[in-house]
Amino acid sequence: MSHLLDYDYLFKVIMMGDSGVGKSNLVTRFTRDEFHADSRATIGVEFASRLVKMPDGKTVKIQIWDTAGQERYKAITSAHYRGAVGALVVYDISKHASFLNVKMWLEELRHELCTDQRIVLMLVGNKSDLIHLRAVATEEAMGFAKANNMSFIETSALDSSNVDAAFQTTVEEIYRVVS
Ligand code: GDP
Ligand code: MG
């Protein structure tokens, strides 16, 4: 059995995006297979970890830094960004404004990162289960991701679809860059 201390690489990955898009639930779904219909913001940065296997058999510990509601006030400290090698930039497919704000989050990221810091970016359209409320077309998001050098995936923390894939793909891409 793999132990959480047994790993070959440790990657810090950060969650970004508007409040309410489902960042925390993506993290709890991925690390604990839990979903909270009524998640309330807590104070301080929250961490979660999980081991993932790379195609060559190596083990990566992914350390995910979630925000705890500070994104609402744009009060995320630089500690959140420091040393990050990957970022999941999340929007809600049923809220077009949260998609438009991705641009703002990318600017914030560019502003916070060290000039030599390379970071793998994954654009995540969450709440794909809300089919009847869709406000962001898949093609539109795909085009934006391509133009901004990001990978792209649609997920649902509620029904679990693509949640593992979102994190796994990000980590495999980071792994390709560093190894
Ligand atoms: P955060 O502020 O970005 O961390 O968002 P949360 O994870 O706290 O989620 C905000 C709200 O959206 C909560 O009520 C969640 O239950 C809900 N939510 C999160 N992910 C999904 C999803 O994939 N589908 C649906 N329908 N609701 C979701
Ligand atoms: Mg949250």
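Let me begin with a single residue, Asp-33, which is exposed, with 10 other C-beta atoms within 10 Å. By exposed I mean that 12 or fewer other C-beta atoms lie within 10 Å of the residue's own, while 20 or more make a residue buried and anything in between makes it partly exposed, with the C-beta atoms placed from the backbone. Asp-33 sits in the loop between helix 1 and strand 2, and it has a positive phi of about 50° although it is not a glycine. Most residues other than glycine have a negative phi.

Before I go on, a word on what we are looking at: this is a predicted model, in which local features need pLDDT of at least 70 and side-chain atom pairs count only at pLDDT 80 or more, whereas totals for chains, interfaces and linings use all residues. Residues are numbered from 1 along each chain as its sequence is written, and chains are lettered from A and ligands numbered from 1 in the order in which they are written. The mean pLDDT of the protein is 91, and 93% of its residues reach 70 or more, pLDDT being the predictor's confidence in each residue, from 0 to 100. For the complex, the predictor gives an ipTM of 0.99 and a pTM of 0.94.

Now to the overall fold. The protein has six helices and six strands, where helices (H or I, at least four residues) and strands (E, at least two) are DSSP runs, numbered from the N terminus. Read from the N terminus on, these elements run β-α-β-β-α-β-α-α-β-α-β-α. The radius of gyration is 15 Å, close to the 16 Å that the globule rule gives for 179 residues, so the protein is as compact as a globular protein of that length; the radius is taken over C-alpha atoms, and the rule is 2.2 Å times the number of residues to the power 0.38. Along the principal axes, the C-alpha atoms fill a box of roughly 40 × 35 × 35 Å, and buried residues make up 36% of the 179 residues. If we take contacts between residues at least 6 apart in sequence, 72% of them join residues at least 24 apart, a contact being two residues whose C-beta atoms, placed from the backbone, lie within 7 Å.

Let me turn to the interior. The largest nonpolar core has 42 residues, of which Leu-88, Val-89 and Val-90 touch the most other members; such a core is a set of buried Ala, Val, Leu, Ile, Met, Phe, Trp, Tyr and Cys residues joined through C-beta atoms within 7 Å. Helix 6 gives the most to this core, with six residues. Leaving out residues up to four places away in sequence, Val-90 touches nine residues by name, namely Met-15, Met-16, Gly-17, Val-21, Gly-22, Lys-23, Leu-26, Val-124 and Asn-126.Two of those names bring us to helix 1, in which Lys-23, Ser-24, Asn-25, Leu-26, Val-27, Arg-29 and Phe-30 are buried. Because seven of its ten residues are buried, helix 1 is largely enclosed by the rest of the structure. Its buried residues pack against strand 1 (9–17), strand 2 (46–53), strand 3 (59–66), strand 4 (86–92), strand 5 (120–126) and helix 6 (163–178).

Helix 1 (residues 23–32) also gives the most to the shell around ligand 1, with three residues. That shell holds 18 residues, the closest being Gly-22, Lys-23, Ser-24, Asn-25 and Leu-158, and a residue is counted as near the ligand if its C-beta atom, placed from the backbone, lies within 6 Å of it. By class, the shell has five nonpolar, nine polar and four charged residues, with Ala, Val, Leu, Ile, Met, Phe, Trp, Tyr, Cys and Pro taken as nonpolar, Asp, Glu, Lys and Arg as charged, and the others, Gly among them, as polar.

The loop that holds Asp-33, between helix 1 and strand 2, also holds Ser-39. Ser-39 is partly exposed, with 15 other C-beta atoms within 10 Å, and, leaving aside neighbours within four places in sequence, it is in contact with Ser-24 and Asn-25. The C-alpha atoms of Ser-39 and Ser-24 are separated by 8.1 Å, although the two residues are 15 residues apart along the chain.

Finally, two places further along the chain. Ser-160, in the loop between strand 6 (151–154) and helix 6, has a phi near 75°, a positive value in a residue other than glycine, and is partly exposed, with 14 other C-beta atoms within 10 Å. Glu-154, in strand 6, also counts as partly exposed, with 19 C-beta neighbours inside 10 Å, and, residues up to four places away in sequence aside, touches Ile-93, Gly-125, Ser-128, Thr-138 and Asn-162.
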